Each structure stands twice: as C-alpha cells, then as structure tokens.
Amino acid sequence: MIKITRTNSENKDFAALVKQLDAALAETDGDDHAFYNQFNKTDKINHVLVAYKNDEALGCGAIRKYDATTMEIKRMYTSPESRGMGIASQILHELEKWSAELGFQKCILETGINQHEAIDLYKKNNYQLIPNYGPYAGIDTSFCFEKVL
C-alpha cells in the first residue's frame, strides 16, 4: 500500500528524490537544463508530498503559491522502478486536494517538451494545455498546463 506523507522541503527523502529527478532531467533536457534548473530550487517549499511503500520513498511532488488563486506544481518525480503503479497520479491528486484545502482555485505547471511521460500524466489527469506563463513565456521547449480545482 502506498502512503503519501505531507511534509516540507527539509525532508531528507524528498531531497534524495529531487537529486534523482535533477539527474534524470539533466539527461533529457540536454543543453536546456541550466535554463530550467534555475526555476526548480527546493529551499523553503512548505507543501511537499513524499510517497512511501514499506518505508521506501518512491515519489514526490510539491506545490508553491503562484498568485492569490493559483498553486504551481513543482518537482513531480517517481523513481523508475516504481513507475506504472499509479503513484504519480496519487501524488498529483493529493497536491490538488491540498491546494483546494488552502483555498486555491487552480493548479498550473510547466514541463519540458522531452518529458513525454509527464505530459501524458498531466493529460490523463485532465490538465489542459495553456499559453506558457511567467518565465516560460516564449520558450518553445516548454509546455504549460492548468487544472481548475
């Protein structure tokens, strides 16, 4: 059974998973990695989820306030050996639930053009493609998504 724990960015399991995520993104993003990496700092994120099975951290995700009505989903990751078990969708649903509990009306996120599994995940979970926002505006290697809660 998967257990999803609410925590913050000081959680050691979250930090370890983010390290794996960054290594994977460095490969798939290639030359674009430095650009994207500047927007993915994890210090002082107060709303973090870590998914566990038998005390082993398998996946994570976080939300950060974007504006008065919107949370931005950050640092979604599931370890390669744990993929295909629905963990990412469980994390995503819990992030949406937490956002709603905090009074936010929608979630937005950005993912890279080469992140095919992530794009499929967001589409499967009813996220709609939107014009690129904030630092991703005009960046043709970014896809931005939104879901009204």
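In the predicted model, Asn11 occupies the loop that links β1 (3-7) to α1 (12-29). The relative accessible area of Asn11 is 16%, and Asn11 is therefore classed as buried, the limit for that class being under 20%. Beyond the residues within four places in sequence, Asn11 makes contact with Val50 and Tyr52.

The chain that contains this loop is built from 4 helices and 7 strands. Read from the N terminus, the order of these elements is β-α-α-β-β-β-α-β-α-β-β. The chain comprises 149 residues, of which 46% count as buried. The surface that remains exposed amounts to about 8000 Å², and carbon and sulfur atoms supply 50% of this area. When contacts between residues at least 6 apart in sequence are considered, 66% of them join residues at least 24 apart.

The packing of two of the helices was examined next. Two packed helices are described by the angle between their axes and the distance between the axes. For helix α3 (residues 87-101) and helix α4 (residues 116-124), the axes come within 11 Å and cross at roughly 55°. With this angle, α3 is oblique to α4. The crossing of α3 past α4 is right-handed. On the α3 side the contact is made by Ala88, Ser89 and Leu92, and on the α4 side by Leu121, Tyr122 and Lys124. Grouped by class, the residues in the contact of α3 with α4 are 4 nonpolar, 1 polar and 1 charged.

Tyr122 of α4 takes part in this helix contact and is also touched by Thr111. Thr111 belongs to strand β5, which spans residues 106-112. Its relative accessible area is 7%, so Thr111 is buried. Apart from neighbours within four places in sequence, the contacts of Thr111 comprise Ala118, Ile119 and Tyr122, together with Thr141, Ser142, Phe143 and Phe145. Ala118 and Ile119 fall within the residue range of helix α4 (residues 116-124), and Ser142, Phe143 and Phe145 fall within that of strand β7 (residues 142-148).

Strand β7 (residues 142-148) also holds Cys144. Cys144 has a relative accessibility of 0% and therefore counts as buried. Excluding residues up to four places away in sequence, Cys144 touches Leu109 and Glu110, the run of Gln128, Leu129, Ile130, Pro131, Asn132 and Tyr133, and in addition Tyr136. The C-alpha atoms of Cys144 and Ile108 are 7.2 Å apart in space, although these residues are 36 residues apart in sequence.

The segment after β7 contains Leu149. Leu149 has a relative accessibility of 38% and thus counts as partly exposed. Between Leu149 and Cys107, which are 42 residues apart along the chain, the C-alpha separation is 7.3 Å. Cys107 is also among the contacts of Leu149 beyond four places in sequence, the others being Glu96, Ser99, Ala100, Phe104, Gln105 and Lys106. Of these contacts, Glu96, Ser99 and Ala100 lie within the residue range of helix α3 (residues 87-101), while Lys106 and Cys107 lie within that of strand β5 (residues 106-112).

Backbone geometry sets two further residues apart for description. Arg75 is not a glycine, yet has a positive phi of about 55°. This residue is part of strand β4, formed by residues 70-78. Its relative accessibility is 5%, and Arg75 is therefore buried. Asn126, likewise not a glycine, has a positive phi of about 70°. Asn126 is situated in the loop between α4 and β6 (128-130). At 51% relative accessibility, Asn126 counts as exposed, because the limit for that class is over 50%. The two positive phi values thus occur in a buried residue of a strand, Arg75, and in an exposed residue of a loop, Asn126.

Methods:
Residues are numbered from 1 along each chain as its sequence is written. This is a predicted model: local features need pLDDT of at least 70, side-chain atom pairs count only at pLDDT 80 or more; totals for chains, interfaces and linings use all residues. Side-chain values use heavy atoms; hydrogens and water are left out. Buried means under 20% relative accessible area, exposed over 50%, partly exposed in between (1.4 Å probe, protein chains only). Contact means heavy atoms within 4.5 Å. Accessible areas come from the Shrake-Rupley method with a 1.4 Å probe; for residues, only the protein chains shown count as cover. Axes are lines fitted to C-alpha atoms, for helices over the stretch in contact, and angles run from 0 to 180 degrees between N-to-C directions. Angles under 35 degrees count as roughly parallel, over 145 as roughly antiparallel, 65 to 115 as roughly perpendicular and the rest as oblique. A crossing is left-handed if the near helix is turned anticlockwise from the far one by less than a right angle, and right-handed if clockwise. Ala, Val, Leu, Ile, Met, Phe, Trp, Tyr, Cys and Pro count as nonpolar, Asp, Glu, Lys and Arg as charged, and the others, Gly among them, as polar.
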